[in-house]
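Good morning, and thank you for making time for this presentation. Please look at the sequence and the structure on the screen before I begin.

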Amino acid sequence: MLQMKNVSITYKKDLRELVSDLSFVLNDGDKVAVIGEEGNGKSTLLKLIYDSQMVEDYVEYKGEIIRNHCILGYLGQELRTSDKKMGVYEFLSEEESFLESAPSELAEYAAKLHVPLELLYSEQKMDTLSGGEKVKICMLRLLCRKPDILLLDEPSNDIDIRTLQWLETLILEWRGPVLYISHDETLLERTANKIIHLEQVRKKKGARHTVTKTDYRTYVSERMDGLRKQEQLARKERSEYKKQQEKFRRIQQKVEHQQETITRQDPAGARLLKKKMHAVKSMERRFEKDFEQMTEIPDVEEAIFMKFAEVQALPPKKIVLDLSLPELRSGGRVLAKNIDLQIIGAEKVCLIGDNGAGKTTLLKQIAEQLLARTDIKAAYMPQNYEDLLGAGGSLERVTPVTFLSQGGSDEMMRVRTFLGSLKYTADEMDHPVCELSGGQKAKLLLLKVCMSGANVLILDEPTRNFSPLSNPVVRALLKQYKGAVISASHDRKYIYEVCDRVCELTKRGIKVTHP
């Protein structure tokens, strides 16, 4: 069992409260999903529970975390810089329990994770693995610890659909508690039996949370229904209050007028008017008390809003891509052969395939080709955001505003308006890009794509870092987009709601799996 008692978390830099007075208990069998918009402290919460030293540089906290000597297994969103330069075997060997595990046990883990057994003993550098392969290796190392409690930060990021299904089974069958963050709505719907929802309200000046023992779909449905009823009741009460106020003002004005016009020769009338004014003042105090007790209009953290700039329509028979590759290579390895892919007009095509199949490598080659064309306007959103944003300190002076702006005061105001619609605060707009969370970087890159006026988009895992409450907005945006979309994704809702054609990348080429 793990328990949190009255925990509050505050940013050191701007003293913004991320979490306020949060209490909950994790018991065996709890599958607890932590949800909320980007930058709301979800990852910080998991790090704090695992090891407070991981967050002491940028937040401070008060309250009590009772771990009861449990063995915690933590899966982070990103590798440490030092880990990226390690070989796979060296990285795994950092966990003593990996070296103590029986070969048969490691073989079983590798099979379930769809990882070649020889990769576990490889000297291949961690940063050369695909995103999904990194997650699998980290997950294998975590499982070797045989933890009592799983703390998983975006375990569904980048892993292929077969491994996603294994992850669902792992969470459901895990005997101890599982506390996890995921943007995969399908995973949440199939596994969560308890929800912790972290929100930033009053324009990110206040923190609020909800802890409820229910499944994800029920929580979202009941929350929306409750908010809708609360807003209807609040607006009805305010409408009735306004009518009462108008009636009261007429009475008040009439009594005041009578007081002004009454003569001294009518003392009885003056006494009567004084009583009337006393009654009017009493009525005013009652109205003020009623107003204080009125149902509040819901103050919720709304989902993001964004839209595409006007794009030049693609002719229906326009050949956007006619790709023929005898071989797809990466780092000297042949990933696939005989690749043929043609895209005509405003098609929305999604590439799927096992981790390491070469989807990101292929999209990079497609992007390089299409970005150089002049008969179309292409935009590219990579899986690794640093490809465009820069890594670490290379963009320390670049802020979201300067990254998006082309210059000029009018353009700067326009950019700030767009960033505001994505729930950036004024302070966050001027933070260095390198300090943003993964979700905030994803919003920044997608916004740049939206503002570009491109009629062809190349998107590598476009929904992977958006919250489950914002992902429906992103899917609707891309579904309504009038240009062509070439993407890679493992997000099952995105695949089936947005894409016209699904193509699986295999070692033998591309196979259409869904027309």
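**Salt bridges, cysteines and selected helices**

I begin with E185, which is a buried residue with a relative accessible area of 7%. Please bear in mind throughout that this is a predicted model.

The side chain of E185 meets that of R475 in a salt bridge, at 2.5 Å from N to O. E185 belongs to helix α8, residues 185-191, and R475 to helix α17, residues 471-480, so this pair ties together parts that are 290 residues apart in sequence. R475 also counts as buried, because its relative accessibility is 5%.

How many salt bridges does a search of the whole structure find? The search finds 25. I shall take two further pairs and one network from that set.

The next pair is E347 and R501, whose closest N and O atoms are 3.1 Å apart. This salt bridge, too, links distant parts of the chain: E347 is in the loop between β11 (333-344) and β12 (348-352), while R501 is in strand β16 (residues 501-506), 154 residues apart. Both E347 and R501 are buried.

The other pair is E95 with R145, where the closest N and O atoms are 3.6 Å apart. Here E95 lies in the loop between α3 (88-93) and α4 (96-100), and R145 in the loop between α6 and β6 (149-153), so the salt bridge ties together parts that are 50 residues apart in sequence. Is each partner buried or partly exposed? E95 is buried, with a relative accessible area of 17%, whereas R145 is partly exposed at 29%.

As for the network, salt bridges link E168, D184, R190 and R492. E168 brings us to helix α7, as it is among the buried residues of that helix. The others are T163, L164, W166, L167, L170 and I171. Helix α7 covers residues 161-173, 13 residues in total. From its first C-alpha to its last, α7 reaches 19 Å, close to the 18 Å expected at 1.5 Å a residue.

I turn now to the cysteines. How many disulfides does a search of the whole structure find? The number is 0. Two residues illustrate the point. For C499, the closest cysteine sulfur is in C350, at 4.3 Å, which is too far for a bond; the cut-off for a disulfide is 2.5 Å between the sulfur atoms. For C503, the closest cysteine sulfur is again in C350, at 8.6 Å, and this is also too far for a bond. C499 counts as buried at 8% relative accessibility, and C503 is buried with a relative accessible area of 1%.

Another buried residue deserves mention. Q440 has its place in helix α16, residues 438-451, and counts as buried because its relative accessibility is 8%. Which residues does Q440 contact, leaving aside its neighbours within four places in sequence? They are E38, G39, Y424 and E428.

Finally, the surface. Y89, L99, L117 and Y121 make a nonpolar surface patch of about 380 Å². Among them, L117 is found in the loop between α5 (103-113) and α6 (131-144). L117 counts as partly exposed, because its relative accessibility is 36%.

Thank you; I would be glad to take questions.

Technical notes: Residues are numbered from 1 along each chain as its sequence is written. This is a predicted model: local features need pLDDT of at least 70, side-chain atom pairs count only at pLDDT 80 or more; totals for chains, interfaces and linings use all residues. Side-chain values use heavy atoms; hydrogens and water are left out. Patches are made of residues with over 30% relative accessible area and no salt bridge: like charges are joined within 9 Å, nonpolar side chains (Val, Leu, Ile, Met, Phe, Trp, Tyr) within 5 Å. Accessible areas come from the Shrake-Rupley method with a 1.4 Å probe; for residues, only the protein chains shown count as cover. A salt bridge is a side-chain nitrogen of Lys or Arg within 4 Å of a carboxyl oxygen of Asp or Glu. Helices (H or I, at least four residues) and strands (E, at least two) are DSSP runs, numbered from the N terminus. Buried means under 20% relative accessible area, exposed over 50%, partly exposed in between (1.4 Å probe, protein chains only). The expected span of a helix is 1.5 Å times one less than its number of residues. Contact means heavy atoms within 4.5 Å.
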